[in-house]
Amino acid sequence: MDPSEVEFLAEKEMVKIIPNFSLDKIYLIGGDLGPFNPGLPVDVPVWLALNLKQRQKCRIVPPAWMDVEKLEEMRELERKEDTFSPVPSPYYMELTKVLLNHASDNIPKADEIRTLVKDIWDTRIAKLRLSADSFISQLEAHAKLDNLTLMEINTIRAFLLDSLNCMYKLRSNLQPGSSKKQFTDY
Amino acid sequence: MPCDRKPMRYGHSEGHTEVCFDESGKFLVTGGNDGDVRIWDGLDDDDPKFITVGEKVYSLALKNGKLVTASSNNTVQIHTFPDGEPDGILTRFTTNATHVAFNGSGSRVAAGSSDFMVKVVEVSDSSQQKTLRGHEAPVLSVTFDPKDDFLASASCDGSVVVWNIEEQSQLIRWPLLQKTNDVSNAPSLCRLAWQPAAFLAVPVETKVHLYERGSWNHVSTLSDDLLTQLVNVVVWSPCGRFLAAGGVGGSLTVWDVSSKLCVERQKHEKGFTVCGLAWSPSGSQLAYTDTEGCLGLLDGLGSSGSSSGTTVHGKAAKDFDDLFDDDDDRPMDEGLSDGHSPGKKPHEDDEDEDDFHVPATGRARNRGAILDDENSLDAGSVTLSRDKYDVADGGAVLPAAAAPAPPLRPAYEGPLPTAPQKAFQPGSTPAHLTHRFMMWNSVGIIRGYNDEEDNAVDVEFHDTAVHHAMHLTNSLGHTMADLSQEAVLLACPGTDELASKLQCLHFSSWDTNKEWMVDLPPGEDVRALCLGRRWAAVATSALMLRLFSIGGVQREMFSLPGNVVSMVTHGEQLLIVYHRAPGFDGDQALGVQLLQVGRRPKQLIHGEPLPLSPRTHLAWLGFSAEGTPCYVDSDGVVRMLNRSLGNTWTPVCNTRETCKSKSDHYWVVGIHENPQQLRCIPCKGSRYPPTLPRPAVAILPFKLPLCQTSTEKGLMEEQYWRSVLFHNHFSFLSSSGYEVDEEQQTRSQKEQQELLMKMFALSCKLEREFRCVELAELMTQNVVTLAVRYAARSRRMALAQRLSELALEKANQMQEEEPEEEEEESEVTGRRHSNRRHQEEEEEEEEPVEDVCVCVLGSGKPSSSPAHRATSILDNMASGRKSSPLAGSVGKPNKGPVLKPLAPRPKTKTQSTLLQMTSLKKKTTREVSQPAAEQQKQPEAPPPAPPPASPADNAENTRPKTGFQLWLEENRKSISADQPDLEETDVIKEAMGRFRTLTAEERLSWTERAKGQTGDDLKKRKRGGGDGGGGDGGGGDGQAEADENSAKKKKSLDPSAKLSAFAFNKN
């Protein structure tokens, strides 16, 4: 899956906005949104929030976890634990990216948040690589990884599958019983 | 001496904290480790003013509007009080000062420092300093002699020293304390205190030593068995009679010095060490602070103290004698002190000399009651000034005996008046903040900035469609603002030179002048303002209310009954809350007026008291978006005007209940009734939000404080009454000529009725039938019918009966209220029907058989409009059901003999079949009634009816339904005229009798009139009757419906139809 596709999925997440216009309920396939009252928070999907924000029709209220203190705590936890710790949102990376790119003026301490999320991300990807490495080096048949987000799975999928395939081929060539014909197939 | 320990307040960050009162006793002033001096307007002040004086405040003293603080930058500074302007540096040390103290007149300040020095500085001229050197360790505390000659200090070197200030020399030195190397390590702060008269109190471990001025004798020791930990700080009451001590471990002890008895013991609620103590000037309150930065207050010391003061009055002299007898036992000390005074004499001026004599004379007088004059004679030099001193001393030495206390402590013991709450704009944060909300309402936000860089006002609209955001420079210093869809209204209080101004930015104006300004008359200040639709109102300090048009035309004005507290508008309504009277014991006495200002000006609420929770003030005032007045008190209780209950106020929400922590609050910004929303801003640890980060609005649900809302019953009751309350605005709006969303209204009514039905079902389940009926009384008629069915289905016959009575009543009411509605098709028949129906409903009461016929005939009429179908169901239901018990028991005696054959019918009929019946009947009756109505109009009656005297039962049976009833209608009047005192029952009996006396032809013609034409729809009826019979499930003679239908048919059918009729009868 493409990262942009994952981002697209992330845009279905709900986020609170404070609209500065008045509109009755709108009825969409995915569900009803609104009513929009100026000054009153309302939950909308991220895609709509961004659209409204770009048209300067609302202020985005950052999700509760998008807070320096909470993220710092999470970063510490992530660094301390060997396994993956639970993330505040299944799309934390994507949401941070889109919200900070488009609505950084509505999010206090945007730069710090960006750094913190990047830190968490790096830590987790490092863990992921490490676990992939040990998975391969220990010749395990399967591994269980909890609390991975879609984006994280996607970043490793292409590489891991290809390399496993490759290794499989290499290994099967090493087997005494393997024929040369097989080799030539590849 | 009972006193009231108030809950502790968090004042400063952890660390040494000091407290003192200002001279009026109104403000508490605390200084702490966070470097701030907070000025509390009473302990309940949630928003104390603060002055930042440094990084830490080690000590503070307040007198004559000068606030002296020892702060961390090694200086002793002065700030003005209460403004908090820096007023220079009094003195400097090489390290931080540890304690500062004023002298009695406030002209000098003494400061002790960690660099072992004590300095005495003139407040007016800081260059005049006296330095007292001699301590060998940091100074713990300093205190002035009440006459300014001496100064006592305690130090970490373990000594307590009395200095002669003028000579800057040590007078006497007591090694009383433990030696330590620093203040922070000292076990006790050893805060000394000098009685307004004579004694120097020194906390020594767990006791307090009293030394006598002049003789410097240790005259007594105050102790308490329960006092086991070190005493930290002592302080004298303003009258000098009581000594309060606070110690390690949070002990608070008050002694009556004259009796040496402990009169009050209190413990700090958390057991923190008390490090600051202060008596209020009135002597009634004792404030204390602890090393954790908290502030506490003991209240009520004075009132009880004064009462005991009067009783003690008599024995005071004796007590004092005892006290001084005590030192008489120590002649050595006395001699020593005596030796001191002459020794000093030569070096001192006259005043000092005199002062030295005074304690001696005081003692002499106490022992021997020698007069003042003699004392002065003793002293040998009589001058005016000395006389004055003597008198003063005499009073001070014997505070109880000479009673100087009363002026300080008023004898009044009743409830004390509360300071009236200041006027405020609802939706604004306090004016002293540099960044504040001047207004947050449903239209937008006005923020005020008042710092070094900028004095500006920002106006922002929630809905940018109203207007773009505005940024205005606030050169006039506006403090009040309001915002509407049309304009921004700003006002500033007047100053000495400038009058109070009102500025309006009328941005919706269609001309080019978007702004106007008005000066108020000199001396009149704007206190509150608000913007209505196309007008503005301003309440002023001159108790005036001035109305302006939005364009700036001055309109009506009137006087207010009291100082305004707050004012809001909605459309044409104006709600004013003002001080009705002084409140007592923390309560505010507020009054409220609600006026209509528009085309038909009138007053809706005439200055009635505004109910507030005990000991609270008004925190927010406003209208709901729908125009119902609401307000919030400082306890977070939201109340709403209930117009349907005589303009009473109903609490609809307690915002504090949803708060997580005690110090959290909700800052209300708006109320909506539809949907039910309380819009507010959650504030963590404060009462109002900061401007940054931008607060987000949260929505709270309403909840009426009904009992037992945890139970299902309570929950539904709450929902019902809340729904009722929150839909009052519909009637208000429609009555004041607004358009009402009828769909919403009907939806809300439906919701209420559903709730009632649920409650009804619940009560049914709980076997509470009486309650069921009570609930049914609240229902609309349509719903009662449902309730009847429910009751019937759950086999509660008694209940169902009562309910159907109720339903009838309601139906009657409805009929009476709207009789015209029904006359749609033909006025003649319509009227007839309704007339008949009325009569017959009355008749039903005693005539079960007729009941049924009522159903048949009566229900035909409402069927014309579907809305009334339910009504007809009800009729059927009600009458059908009613007939059963009545006929079975009570009904019997009333019944006419002719009706006998039907008597057993209701018994066999089960309720369930009845219910089935009703639906069927509905169908059939509708079919039947229409033609029946036509019949009545048409005089020609085609098919010859069978003779009335056919099978007797049938004839009798049918006649009342048809011919008899018609006849009865026409003849009722004559019957009742003949015998006016007849009961309804009797009327009918009589009528029956008369009817039977008629000739057969006459009877026949009546029958024809009623029934003759039914032949046309015979087929339909047949089918209906058949269905009815089927529904009855072969109930035999119980099939009333079938009987009746078939009976009717028999009457009207030609012989060929008889067979089919017979077929029914078999049923």
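Start by selecting K127(A) and F84(A): the lysine lies over the face of F84(A), at 5.8 Å from the ring centre. A charge is taken to sit over a ring if NZ of Lys or CZ of Arg is within 6 Å of the ring centre and within 35 degrees of the ring normal. Chain B offers another case in R643(B), whose charged end sits over the ring of F732(B), 3.6 Å from its centre.

This is a predicted model, in which local features need pLDDT of at least 70 and side-chain atom pairs count only at pLDDT 80 or more, while totals for chains, interfaces and linings use all residues. Residues are numbered from 1 along each chain as its sequence is written, chains are lettered from A and ligands numbered from 1 in the order in which they are written, and side-chain values use heavy atoms, with hydrogens and water left out.

**Cores**

Next, select I17(A), F36(A), I60(A), L71(A), L99(A) and I113(A). These have the most contacts inside the largest nonpolar core, which has 43 residues. Such a core is a set of buried Ala, Val, Leu, Ile, Met, Phe, Trp, Tyr and Cys residues joined through side-chain atoms within 4.5 Å. Buried means under 20% relative accessible area, exposed over 50%, and partly exposed in between (1.4 Å probe, protein chains only). Helix α5 (residues 110-137) of chain A supplies the largest share of this core, 9 residues. Helices (H or I, at least four residues) and strands (E, at least two) are DSSP runs, numbered from the N terminus.

Centre on I113(A) and show its neighbours: leaving out residues up to four places away in sequence, I113(A) touches M66(A), D67(A), V68(A), L71(A), T96(A), L100(A), I107(A) and P108(A). Contact here means heavy atoms within 4.5 Å. A second, separate core has 24 residues, among them Y720(B), M759(B), L762(B) and V788(B).

**Strand β24 of chain B**

Select residues 242-247 of chain B, strand β24, where 6 of 6 residues are buried. One side carries F242(B), A244(B) and G246(B), the other L243(B), A245(B) and G247(B), and both faces are covered. Add strand β23 (residues 231-236), which pairs with β24(B) in the antiparallel sense over 5 bridges; strands pair if DSSP finds at least two bridges between them. Here V233(B) has G246(B) as its bridge partner. The hairpin of β23(B) and β24(B) has 5 residues between the strands, and G240(B) takes a positive phi near 80 degrees.

Then add strand β25 (residues 251-256), joined to β24(B) by 5 bridges and running antiparallel. F242(B) stands opposite D256(B). In this hairpin, 3 residues lie between the strands, and G249(B) in the turn has a positive phi of about 85 degrees.

**S155(B)**

Move to S155(B) in strand β16 (residues 150-155) of chain B. S155(B) counts as buried because its relative accessibility is 0%. Its side chain reaches the backbone nitrogen of D157(B) at 3.1 Å.

**Aromatic pairs**

Finish with F461(B) and F507(B), an edge-to-face pair with 5.2 Å centre to centre and 80 degrees between the planes. Rings of Phe, Tyr and Trp (its six-membered ring) pair if their centres lie within 6.5 Å; planes under 30 degrees apart count as stacked, over 60 as edge-to-face and the rest as tilted. F461(B) lies in strand β32 and F507(B) in the loop between β36 and β37, so the pair ties together parts that are 46 residues apart in sequence.

Conventions
Polar contact = N/O pair within 3.5 Å; in protein donor to acceptor, adjacent residues only side chain to side chain.
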